[in-house]
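Me: I'm new to reading protein structures, and I'd like a close look at the charged side chains and how they pair up. Could you walk me through that part and then show me what surrounds it?

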Amino acid sequence: MTFQSPFPGVQPEQVAFHRTELAVVLGLYGRMVAAGEWRDYGISCLRDVAVFSVFRRTAENPMYRIEKRPRLRMRQGQYAVIGAEGQVLKRGDDLKTVLRVLERKLIRAVT
């Protein structure tokens, strides 16, 4: 079944990361690359969710997914960090707070 808009010619909007959100995510990504933990990333902007996927190697499944789901803004929080097995590691409304779960891994990697 395909979705058809009641307004012809109007495409459904995509969810995307804002420039300030990407600056925070890419800042963490750069530190993890410098530590030798991460090597590649991918960004997907879909209708309901924007996903920043982090890979150790290019040809494998993502180690972590940083998701933005605006529909969950009033419930669980619009940002989430999801592990390789699909488990939610952290969820909330503040992106920097949610990404702290990954920064702890950076501290362990450097020391």
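Reply: Happy to! Let's begin with R69, which forms a salt bridge with E67, the closest N and O atoms lying 3.0 Å apart. Please keep in mind that this is a predicted model, so every distance here is computed from predicted positions. R69 has a relative accessibility of 31%, and because buried means under 20% and exposed means over 50%, R69 counts as partly exposed.

Now look at the other partner of E67. The side chains of E67 and R65 also meet in a salt bridge, at 3.2 Å from N to O. R65 counts as partly exposed because its relative accessibility is 27%. Salt bridges with shared partners thus join R65, E67 and R69 into one network. What about E67 itself, buried or exposed? With a relative accessibility of 6%, E67 counts as buried.

Those two pairs belong to a set of four salt bridges in the structure. Another salt bridge brings together the side chains of E21 and K68, 3.1 Å apart from N to O. This pair links distant parts of the chain: E21 sits in helix 1 (residues 19-34) and K68 in strand 3 (residues 64-68), with their positions 47 residues apart in the numbering. Both E21 and K68 are buried.

From charges, let's turn to the nonpolar core. The largest one has 20 residues, and the members that touch the most others are W38, F52, I66, V81, L99 and L102. Two or more residues come from each of helix 1, strand 2 (50-55), strand 3, strand 4 (79-83) and helix 2 (95-110). Helix 2 gives the largest share, five residues. To see one member up close, pick L99: apart from neighbours within four places in sequence, L99 is in contact with V24, V25, L28, I66 and V81.

Next come the rings. The structure holds five aromatic pairs. In one of them, the rings of Y29 and Y41 have centres 4.9 Å apart and planes at 70 degrees, so the pair is edge-to-face. Y29 lies in helix 1 and Y41 in strand 1, 12 residues apart, so here too the pair links distant parts of the chain. The two rings differ in their surroundings: Y29 counts as buried at 11% relative accessibility, while Y41 counts as partly exposed at 37%. Another pair is W38 with Y64, whose ring centres are 6.2 Å apart and whose planes meet at 50 degrees, so this pair is tilted. W38 is in the loop between helix 1 and strand 1, Y64 is in strand 3, and 26 residues separate them. Both W38 and Y64 are buried. Put together, Y29, W38, Y41, F52 and Y64 form one aromatic cluster.

Two names from this cluster, W38 and F52, have come up before, among the core residues that touch the most other members. Y41, for its part, leads us out to the surface. There, L26, Y41 and I43 form a nonpolar patch with about 250 Å² of accessible area together. I43 has its place in strand 1 (residues 40-45), and I43 is partly exposed, with a relative accessible area of 41%.

Notes. Residues are numbered from 1 along each chain as its sequence is written. This is a predicted model: local features need pLDDT of at least 70, side-chain atom pairs count only at pLDDT 80 or more; totals for chains, interfaces and linings use all residues. Side-chain values use heavy atoms; hydrogens and water are left out. Helices (H or I, at least four residues) and strands (E, at least two) are DSSP runs, numbered from the N terminus. Buried means under 20% relative accessible area, exposed over 50%, partly exposed in between (1.4 Å probe, protein chains only). Patches are made of residues with over 30% relative accessible area and no salt bridge: like charges are joined within 9 Å, nonpolar side chains (Val, Leu, Ile, Met, Phe, Trp, Tyr) within 5 Å. Accessible areas come from the Shrake-Rupley method with a 1.4 Å probe; for residues, only the protein chains shown count as cover. A nonpolar core is a set of buried Ala, Val, Leu, Ile, Met, Phe, Trp, Tyr and Cys residues joined through side-chain atoms within 4.5 Å. Contact means heavy atoms within 4.5 Å. Rings of Phe, Tyr and Trp (its six-membered ring) pair if their centres lie within 6.5 Å; planes under 30 degrees apart count as stacked, over 60 as edge-to-face and the rest as tilted.
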